[in-house]
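Q: Could you take me through one part of this structure closely, explaining how it is built and how it connects to the rest of the chain?

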Amino acid sequence: MTGWPTQPVIYEVNTAVWLGGLSRAAGRPVTLADVADADWDVITPAGTDAVWLMGVWERSPAGIALADGNAELQASFRAALPDLRAEDIIGSPYCVRRYVADPAFGGPGALAAARAALAARGARLILDYVPNHVAPDHPWVTSHPELFVQGDDDDIKAEPAGWMRADGHVLAHGRDPYFPPWPDVVQLNAFSPEVRAATTNTLADIAGQCDGIRCDMAMLLTNEVFARTWAGRTGPAPAKEFWPAVITGLRARHPQVVLIAEAYWDFEWRLQQQGFDFCYDKRLYDRITGGDPAAVRDHLRADLSYQSQLVRFLENHDEPRIAGTLPADAARAAAVAVATLPGATLWHEGQFEGRRVRPPVFLSRRPDEPLDSDLAAWYRRLLAIVDEHHVRRGLWRQLEATGWPDNQSCRNLVAWSWDGDDDGGGRHVVVVNLSPEPAQGRVPFPWPGLAGPDWYLTDLLAERVFERDGAELASPGLFVDLGPWECYLLSVRLPGDPLGPQRRAADLHQPPDDHLGGTRIKPVTSRQESVSSGRVRCSHRGGSMAGKFVLKKGSSGKFHFNLVAANGQVIATSETYESKQSALNGIESVKNNAPDAEIDDQT
């Protein structure tokens, strides 16, 4: 992975649908060569490391004809796009005729221009490869029929949907071991040395045009799955697995290309060991969308080396849109979790805007939908915060929230920390309530040496800062009281840290119940100050600047001061000073900008 970040953020784009939308907006055909700068900017939000242009390769006319004649497919097309037109059906991007950029998208030159446009924005290009099968009109079908799983007339008679005739040969349609054959593709023989050599060459050619390759249904080519699927038709399994044989040759020519496996059925770890840099994390997706916080925590207990090679996602072109799967607040909570876990993160074009319709990949057009600009701004800010604050640097650890005998709502919390002090990232803690009910608990921070000074916890999403005792953070831990689907994304720093916060919350208060002892932090959902049941919530910003300076001496013996507004909110916090006089001099310097503030000496 030379040249790639260890925790890449990937943005998937359905190339045909995207270009189709741009073309209709422009009133002319738009190819990858003439996409406007502003449109490239939209799909490379701050914090994005790579763009996956899904489906750039030449599609199959034979595959389109098969799709046109398939009543079930046609019904799915109309369900997604009620005003379907014949020209909307362009064939599946996973029924590849040739690994050459489709002329409809501008051809190879336009693809090269797209790669350059992304590189200018600091983003890498990811493209697809389909190792299991090819289109029925792929050149190999007639020039190299020996590369495919072979059958005979009896096979066609017994299972006509599973086989096809091609130039005097009976060849198998592509399939996996659990579902009916795919009628628009032809099955390659993964046990064939010739197929493995041809795969290496094809991947090497693709790698010359991009920076990363996503391999479709990669587990189908493992010896175990392929043997199970074809039950002896292809002879005994070779001694060497498919992917190590192929990847060794590819790496010799393109050592820097990143390989991503679409993987299911618990083959993720195995494919990592066979050479893939990242594998899909469908298990996490299922557990989050299934509403099972305990299962999420169990999943995250896996070895960190394994976790760091997973691709976390909430949707992609194969999964339903998350806006139609989870309530809005739940989807945001899940997004914070996915955005702050180790491994790669995958976002899907249209996800930020709250699109609900997932168009079949055969189509070049999607229905018009109302777009949520506020949600899009929230997602883009989330990505920018994680990137700008280097949240995912250093050592990741899962944290265990604890509760009380009569309050076990902590079971709905997931929490983890990042310690990037040695990697320029600072310390961060994430706590997410993955449930529709309120949750309380204590979250002990994992770092030694917390006791002594007070620590500033900056809620990066809510833009609030809290001051907490270090000994309490270590044990029994930070007290959290989160409403349904609420979360914290906290930066943890000492006062006076030049990278630290400039404001802190003034809502320190005791919880009403003795068994929930300690200080409480409560998410702010309004920009107005409010008081409810004895709880004070701080204003987001603003208010009168008239107030006072509060001079404080920390447990380290050093001094700092806060500028406190008339409403009691801390507006600003100084750096630390070695002596009291230095701190007083600092106050005098600031007073020029706040002439009505008085000094409150608490040392």
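A: Nine of the twelve residues of helix H15 are buried, so this helix is largely enclosed by the rest of the structure. The buried residues are Ala330, Ala331, Ala333, Ala334, Ala335, Val336, Ala337, Val338 and Ala339. Helix H15 covers residues 328-339, and from its first C-alpha to its last it reaches 16 Å, which is close to the 16 Å expected at 1.5 Å a residue. As background, an α-helix has 3.6 residues a turn, so residues three or four places apart point the same way.

Before going further, it should be said that this is a predicted model. The mean pLDDT of the chain is 88, with 87% of the residues reaching 70 or more, but over residues 499-545 the pLDDT stays under 50, and the model has 110 contacts beyond four places in sequence for that stretch. Where pLDDT is low, the predicted coordinates should not be read in detail.

The part to look at closely is the barrel, and strand S1 is a good place to enter it. Eight strands close into this barrel in the order S1-S2-S5-S10-S11-S12-S13-S14, with parallel pairing, and from one strand to the next the twist averages 30°. In general terms, the strands of a sheet pair through backbone hydrogen bonds, either parallel or antiparallel.

Strand S1 (residues 9-14) is joined to strand S14 (residues 344-348) by four bridges, and the two run parallel; here isoleucine 10 of S1 stands opposite leucine 346 in S14. Strand S1 also pairs with S2 in the parallel sense, over five bridges, and in S2 the bridge partner of glutamate 12 is tryptophan 52. Helix H1 (residues 15-26) lies across S1 and strand S2 (50-54), running at about 65° to S1.

Moving on to S2, this strand is mostly covered, since five of its five residues are buried. In a regular strand the side chains alternate between the two faces of the sheet. Both faces of S2 are covered, with Ala50, Trp52 and Met54 buried on one side and Val51 and Leu53 buried on the other. The next strand in the order, S5 (residues 124-129), is joined to S2 by three bridges and runs parallel to S2, with valine 51 standing opposite leucine 125 in S5.

Strand S1 can also be followed through its aromatic side chains. A search of the whole structure finds 20 aromatic pairs. In one of these pairs, the rings of tyrosine 11 and phenylalanine 352 have their centres 5.6 Å apart and their planes at 80°, so the pair is edge-to-face. Tyrosine 11 lies in strand S1, whereas phenylalanine 352 lies in the loop between S14 and helix H16 (373-388), so this pair ties together parts that are 341 residues apart in sequence. Tyrosine 11 is buried, and phenylalanine 352 is buried as well. These two residues belong to one aromatic cluster, formed by Tyr11, Trp347, Phe352, Trp378 and Tyr379.

For another aromatic pair, one can turn to tryptophan 404 and phenylalanine 479, whose ring centres are 5.8 Å apart with their planes at 40°, so the pair is tilted. Tryptophan 404 lies in the loop between strand S15 (395-399) and strand S16 (413-420), and phenylalanine 479 lies in strand S21 (residues 478-482), so the pair ties together parts that are 75 residues apart in sequence. Both tryptophan 404 and phenylalanine 479 are buried.

The backbone around S21 deserves a careful look too. Most residues other than glycine have a negative phi, and most peptide bonds are trans. The peptide bond from serine 475 to proline 476, however, is cis, with omega near 10°, and proline 476 lies in the loop between helix H17 (470-474) and S21. In the loop between S21 and strand S22 (487-493) one finds tryptophan 485, whose phi is near 65°, a positive value in a residue other than glycine.

To place the barrel within the whole, the chain has 18 helices and 28 strands, and of its 603 residues 56% count as buried. Among contacts in the chain between residues at least 6 apart in sequence, 71% join residues at least 24 apart.

Note on methods
Residues numbered from 1 in each chain as written. Heavy atoms only, no water. Expected span 1.5 Å × (residues − 1). Buried < 20%, exposed > 50% of the residue type's maximum accessible area, 1.4 Å probe, protein only. pLDDT = per-residue confidence, 0-100. Contact = heavy atoms within 4.5 Å. Pairing = 2+ DSSP bridges. Axes fitted to C-alpha atoms, helices over the stretch in contact; angles between N-to-C directions. Phe/Tyr/Trp six-rings, centres within 6.5 Å; stacked < 30°, edge-to-face > 60°.
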